[in-house]
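User: I'd love a close look at one part of this model, please. Take your time with it.

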Amino acid sequence: MSRAAAATRLTAFNAVRLAANPLLYLGLGLSTTLVYVTLGYYPWPHALDVHNTTETVAVVVAATMFAVTTFPALREVRYSGVFVAPLGRTGRLLSLLAAAALVTVVCQAAMTAVCHWAAGGGLPGMVSPYARATPFALALVGPAAGVAVAGWTRSYVQLIVPVILAPAYYLYVNTALVSVGPQMVSRVESMATRAVNPFQVMSPQITVLSAYYLGYVLLVLGVFVAVALAARPRRGAARGAAFGAAAVLLAGAVATPAYANTTYGWDRRFPDSALYGGDSTRCEVREAITYCPLPGFEPWVDTWHATLSEPLGFLPEQAQDRFPVVWQDGPGFSRMLNLPPGRGVVVFTGASPDDPFFRSDLRNQAARTVFGLHSDFEGWCWATGQARLPLTYWLATVGADDGEPDPFIGYHLASFGPSAADLEVARALEETPAERVAEVLAGHWEELNAPGTPTTELASLLGLPVTAEAAGVATEAEWREHYPEYVFEPEYDLPEESAPTCG
Amino acid sequence: MTDPNAPAVHARGVTRSYGTRTALDAVDLDLGPGVTGLLGRNGAGKTTLLRCLATDLEASRGELRLLGRDPRRAPERTEIRRRLGYLPQNPEFYPHFTAFGLVDYVAVLKEMGGRRERHDEVRRSLDRVGLYDRRHSRVRRLSGGMRQRLGLACALLGDPELLLLDEPTIGLDPEQRIRFRSLVSEMATRSTVVLSTHQIEDVAALCRRVVCLDRGRVVFDGTPGDLVERAKGRVWVQRERPREGVTTWRLADGRYRVLTPGETGSSAAEGGRVGVEPTLEDAYLLLTGVERNAR
């Protein structure tokens, strides 16, 4: 039998023994629980959520395999030397590493399958192939570290210390000690988080960053393998070569995120060509509304359009040059798009179109864009008494079929400092047939859309009586009269006094 | 090149040093089939020699060929290891293995192919050392003697051409030692067995050749009979405690057994001495204790 065949048999022997370790099943049970708990936070998960969960679970798989591999690693470093056999000590260690890698990959594949199964099929979003490989590389770091640490400690101290520290850590974060205790724990936590992912900007969608991250994890993996081989009881050139390799790999592991953070810092914006699948992504125009989803999120356009097409359908043709460009920004990175000024409506990957809250937010943003009111991201302004303020409110709510009125809509209205008359007309518009409002808008679009047109004129055109005060900002009492469902808090809701008038 | 007629062990001037200390000093040996006993006091170099023969240590100087191959060359060393069984002194085994698991692990290391064949061989090996019934016991639950036999089972795997046993009978009870002797005798019909031990009875019972080491040098190489012959006329029994400077011990009947270097039957009358037939142990003690002092 050849040495390769013997190494294969030893790998199989080790793999069977690793798979028989009860700690493995404890870890997998914990991982499965984590999958369901984490995905439970995402009522409408997409591919990026599943990927993030897979990466989190990979860390648990790595920790599990670290513990499981420590036992045979100690067997090799402490007890295997008594056996003189064709398969030498380095070959035995490599076989153990191969077996641990095999078991780890199977476990991680199983957990990835559980993630996808728990999230359901046909998820929107795309993840680069590098990112798909990263959780596997992350998980593999665990057993490599297990062999390396066991090789140098030659004891179970690396398993015993965490078992002792875990209850202390639990007590620390769950008792009053947290307010008076040392900052060391939070620093260690921060360092551990940065060690797992030291990149300032990271997204599984960005091909180049995913490649850097995968490269970083592979380099760390290589460091542990080299350190494990250097721990073997041998002297001379081979140990020197192992240490040299470890040093080079470590330098690479430090340099990779350093370079990536310099090149792709917080302020970096990424064009679609940098995204996986972005080359084929095009903005889509439906009934004069433009949609620019991230790669893989094209199915969401249907729901976005279902949300916006009805209210915007009440607007005249001349309003179409102000129709919004709905674009999706990335999680963890800024997307570079050439948007027409004042027409961008941003949605995030966390904002599922199936969520009523985000549908309401989308309608609000679109209505404000059409009537030229600033978005949240451009700063607030005063639109007190302007006709377009109640019209914005009307457009954001007309045709909405989400049941009860969204109380958050009051926040959007309050943010522009409405007068009592604005509130009265906005409320009256709810009772006015949409077709009647559309008719008035068609006849007086430019006029009603102008900042100088008062709400009283809109009321006059619609034949609505206005009894409330048209000048000045509505008081808390007036809010309670017209919007009892919304708790108006002037100090939080209104723009700053120095804010400009909406132009 | 491999010479099929070459002795299993061929050593010329084999020297092994640890820093400034020389553990083996220009050892010359040719060993063939049969059992060769390796005797010597603690620190004489027996274990170092066995480790060199087991390819676990490389000789610092000299020429060593094992089973017709050069252990310094990696491919040949691998080939030697395929044909070698080695029981080290006081072996420590991974305590979480079962007896079967441990021997199976070593069988995998020894490149034994096919799971079924391998397991058959593991069972056979455990049976030969009388541990088959304890095959499911964890190593940590086995007694010292059982662990020793377990090590022997590992060494016997695959009927090695060269079997090296370093203190194999430590911890064995008399019954197990008899069984061990029978096993080694059987192995010696087709293999070269090197047995390092302090148990002179084992050597007397098993070996047709004895090599004595002292301070890393071979001080005797011959048959047990030759060694005993050298002690003739130097072993006495007397009633009075002998003078200082001779090797002696008190017997159960109150008399003293005396080993006298350089003295022969001419002084037999002194102190009521009665000359007796020397044993192998007498000869060994004279060689390592007395002759060394005389050198």
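How many nonpolar, polar and charged residues does the lining of the largest pocket have?

Analyst: Happy to help! This is a predicted model, where local features need pLDDT of at least 70, side-chain atom pairs count only at pLDDT 80 or more, and totals for chains, interfaces and linings use all residues. Residues are numbered from 1 along each chain as its sequence is written, chains are lettered from A and ligands numbered from 1 in the order in which they are written, and side-chain values use heavy atoms, with hydrogens and water left out.

By class, the lining has 32 nonpolar, 15 polar and 2 charged residues (Ala, Val, Leu, Ile, Met, Phe, Trp, Tyr, Cys and Pro count as nonpolar, Asp, Glu, Lys and Arg as charged, and the others, Gly among them, as polar). A pocket here is an open set of points on a 1 Å grid over the protein atoms alone, where a 1.4 Å probe fits, with protein on both sides within 12 Å along at least five of seven lines; lining residues have an atom within 4 Å of a point.

The volume of the largest pocket is about 1,600 Å³, meaning the space filled by probe spheres set on the points, with grid points joined across faces, edges and corners. Its lining comprises 49 residues, and V59(A), V60(A), A62(A), A63(A) and V196(A) lie nearest the centre. Two or more lining residues come from each of helix 2 (22–40), helix 3 (47–79), helix 5 (129–153), helix 6 (157–174), helix 8 (184–196) and helix 9 (207–230) of chain A; helices are DSSP runs (H or I, at least four residues), numbered from the N terminus. Helix 3 of chain A gives the most, with 12 residues.

For contrast, the second largest pocket, of about 1,300 Å³, has a lining with 15 nonpolar, 8 polar and 19 charged residues.
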